[in-house]
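Here are some notes for a colleague who is opening this structure for the first time. They go through sheets, helices, cysteines and a few single residues in turn.

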Amino acid sequence: MSSVTPKDAAAIILLRPNTDPNNPEVFWVRRSTKLTFLGGYRAFPGGQRESFDAETGVKNCDDKERAAMINCGARELFEEVGVLLARGAETLTVGQLASLFDDLNSGRMNWPGLLDHYGLHLDGDDFTFVGRWVTPPFAPRRFDTWFFLANCPAKQEPHVTDDSELESGEWIAARDAYAQWQRREIIVVPPVLHAMKTLAAGLDHSLVERFLDVPEAHREPNRRMEFHPNYICFPVRTPTKPPATHTNCYLIYTTQELLIVDPGSPYEDEQQALTECVDDLIRKGSWPREIVLTHVHPDHVAGVNALNDNLAQSHGRRVLVAAHRLTAESSKGQFPVDRFLEDDDVIELKGQPSIKLRALFTPGHARGHLCLYDERTGGLLSGDNVVGFGSVLVDPQDGNMSEYLASLKRMRALPNLSVLFGGHGPPIANAYEKIDQYIAHRLEREQAILRAVREGASTPKQIVARVYTDISPRAHAIAERAVLAHLEKLIADGLVRQTSAAEFSVTV
Ligand SMILES: [Zn+2]
């Protein structure tokens with residue numbers, strides 16, 4: 001199963017004119033919390049390349065591909081925050097700019113047509129290339145994004161336009177933005193974090209060099225992502241449920257200790273990569289305190305033994321494994337579970353910063369499922385209960401729909417929830433909205449299934465044919481398992497009864 005191919009995209013890191021060179025101000029935006037992909041994240045204006053972005057040349061830029069990406073970035077900047085980075089635009093009045101924006105937005109003109117019609121052109125000298133980052137293969141959407149630094153034209157003021165997918169935008173001093181990340185108040189993708197950190201060090205002659213000084217700025221895959229300080233998300237390739245191709249292993253560390261959550265890859269190269277990351281943290285003083293398992297599914301536990309073998313080999317000792325008793329029961333001796341984690345148990349890491357994680361017994365997707373809640377920051381490791389990529393399967397084998405919904409409601413009731421770190425895909429910054437969507441989706445399915453049974457569909461197969469009209473026939477077998485889980489709940493609720501081995505009807 002291969003992951004999605006990255007799409008070309010460009011983003012503009014817009015700097016304020018006359019900004020303090022030691023702590024420059026940059027314009028950042030907040031993505032709408034309604035968005036399913038990276039909803040609620042802070043970002044720079046930007047977006048996906050359109051075919052016509054290659055039609056217009058850029059002065060002082062001989063490279064055709066770079067010219068197309070400059071067009072892409074400039075167009076997205078104009079569409080999203082109304083700033084037109086084109087030569088010739090300096091003579092336009094605010095009213096004229098607004099009508100240009102309207103021409104583009106209404107579709108009366110496309111980008112090349114607009115530049116041509118108003119006699120504008122882009123100049124490569126206005127856009128400083130500061131890196132090309134590729135979204136790692138753990139995400140549902142992937143981009144190969146070109147980042148450009150640009151100065152905001154003196155007479156223009158960026159503002160989030162009405163139709164954009166953005167909630168708000170503001171000028172912020174780079175150091176303040178970086179401090180917000182350090183205080184775990186915001187979520188950004190790694191290139192945005194890198195940009196903030198780099199700008200926070202000041203606008204000196206080495207700025208561009210510092211931007212480009214990491215391999216990830218040259219399309220090198222990013223393995224180790226610190227969406228929150230001290231919370232490393234390290235996706236490993238696993239034979240998981242498509243469309244996901246990776247499972248997130250989390251490495252939560254302090255100056256002294258390290259917690260490893262869900263080392264799930266059965267593949268040697270991936271196990272090796274994870275071991276190297278753990279070794280690096282050990283060298284910096286954080287000794288692995290425990291391996292914690294959210295649940296027993298193979299894509300979350302398949303790397304436990306290999307990690308311990310590798311650590312035993314290089315450090316002479318293995319790491320204790322902690323999981324819920326039901327996970328230990330289901331694991332059938334695949335690996336030793338040294339300590340049972342019960343609901344409400346607190347794991348407190350030694351060292352700095354102070355990190356305390358409360359275990360929440362949240363069954364439904366799997367019998368022994370645990371979430372880990374950081375009460376201070378509102379971060380929740382949500383395991384496979386809520387994920388950033390793909391959907392969650394509740395399979396009656398060891399899943400239970402009533403329990404699953406109760407677990408979602410329990411998660412929803414947590415105060416101060418800020419980010420969900422799921423077992424797959426990027427972290428979820430719009431935690432409450434996401435859980436609400438999950439609950440609503442399940443209840444809608446339940447109603448549709450009940451309706452189908454009422455209308456005479458009596459077997460899971462017949463129910464799938466009526467209700468799951470949006471999936472490919474190849475997914476029908478899995479959908480039948482999900483229907484069974486819903487039927488079990490409807491039986492428990494007294495709305496459906498089982499009339500034979502594979503047949504169901506409504507009770508009233
Ligand atoms: Zn799972």
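1. What kind of model is this? It is a predicted model, and the points below should be read with that in mind.

2. I would begin with the open sheet of 7 strands, whose order is β10-β11-β12-β13-β14-β15-β16 and whose pairing is mixed. The edges are taken by β10 (225-228) and β16 (339-340), each of which has a single partner strand, so one side of each is left without a neighbour in the sheet. At the β16 end, strand β15 (residues 320-323) pairs with β16 in the parallel sense over 2 bridges, and the bridge partner of A322 in β16 is R339.

3. Two helices lie across strands of this sheet, and they are best looked at together. Helix α7 (residues 268-283) lies across β11 (231-237), β12 (246-253), β13 (257-261) and β14 (287-292), and it runs at about 160° to β11. Helix α9 (residues 304-315) lies across β13, β14 and β15, running at about 160° to β14.

4. A further open sheet is made of 5 strands in the order β17-β18-β19-β20-β21, again with mixed pairing. Here β17 (346-349) and β21 (419-422) stand at the edges, and because each has a single partner strand, one side of each is left without a neighbour in the sheet. From one strand to the next, the twist averages 25°. The pairing of β17 with strand β18 (residues 355-361) is antiparallel and consists of 4 bridges; within it, V346 has R358 of β18 as its bridge partner.

5. Strand β7 (residues 128-134) deserves a separate look, since it is mostly covered, with 6 of its 7 residues buried. It is joined by 5 bridges to strand β8 (residues 143-151), and the two strands run antiparallel. In this pairing, V134 stands opposite D144 in β8.

6. Turning to helix packing, how do helix α4 (residues 174-182) and helix α5 (residues 190-200) cross? Their axes come within 8 Å and cross at roughly 130°, and α4 and α5 are therefore oblique to each other. The crossing in which α4 passes α5 is left-handed. On the α4 side the contact is made by A174, R175, A177, Y178 and W181, while α5 contributes L193, M196, K197, L199 and A200.

7. A second helix pair is formed by helix α12 (residues 431-454) and helix α14 (residues 476-492), which pack at an angle of about 80° with their axes 10 Å apart. At that angle α12 and α14 are therefore roughly perpendicular to each other. The residues making the contact are R442, R445, E446, I449, L450 and V453 of α12, together with V483, H486, L487, K489 and L490 of α14.

8. How many disulfides does the structure hold? The count is 0. C233 is in no disulfide, and the nearest cysteine sulfur, that of C249, is 8.7 Å away; the cut-off used for a disulfide is a pair of cysteine sulfur atoms within 2.5 Å. C233 is also buried, with a relative accessible area of 1%. For C371, the closest cysteine sulfur is that of C233, and the separation of 16 Å is too far for a bond. C371 is likewise buried, its relative accessible area being 0%.

9. Is R42 buried or exposed? This residue, found in strand β3 (residues 42-43), is buried, with a relative accessible area of 17%, where the limit for calling a residue buried is under 20%. If residues up to four places away in sequence are not counted, R42 touches W28, V29, R30, E170, I186, I187, V188 and V192.

10. The last residue I would point out is H300, which has its place in helix α8 (residues 298-301) and is buried, with a relative accessible area of 0%. Leaving aside neighbours within four places in sequence, H300 is in contact with T247, D262, P263, G264, L293, T294, H295, D384, G423 and H424. By contrast with these contacts, H300 and N22 are 278 residues apart in sequence and 45 Å apart in space, taken from C-alpha to C-alpha.

Methods. Residues are numbered from 1 along each chain as its sequence is written. This is a predicted model: local features need pLDDT of at least 70, side-chain atom pairs count only at pLDDT 80 or more; totals for chains, interfaces and linings use all residues. Side-chain values use heavy atoms; hydrogens and water are left out. Two strands pair if DSSP finds at least two bridges between them. Axes are lines fitted to C-alpha atoms, for helices over the stretch in contact, and angles run from 0 to 180 degrees between N-to-C directions. Buried means under 20% relative accessible area, exposed over 50%, partly exposed in between (1.4 Å probe, protein chains only). Angles under 35 degrees count as roughly parallel, over 145 as roughly antiparallel, 65 to 115 as roughly perpendicular and the rest as oblique. A crossing is left-handed if the near helix is turned anticlockwise from the far one by less than a right angle, and right-handed if clockwise. Contact means heavy atoms within 4.5 Å.
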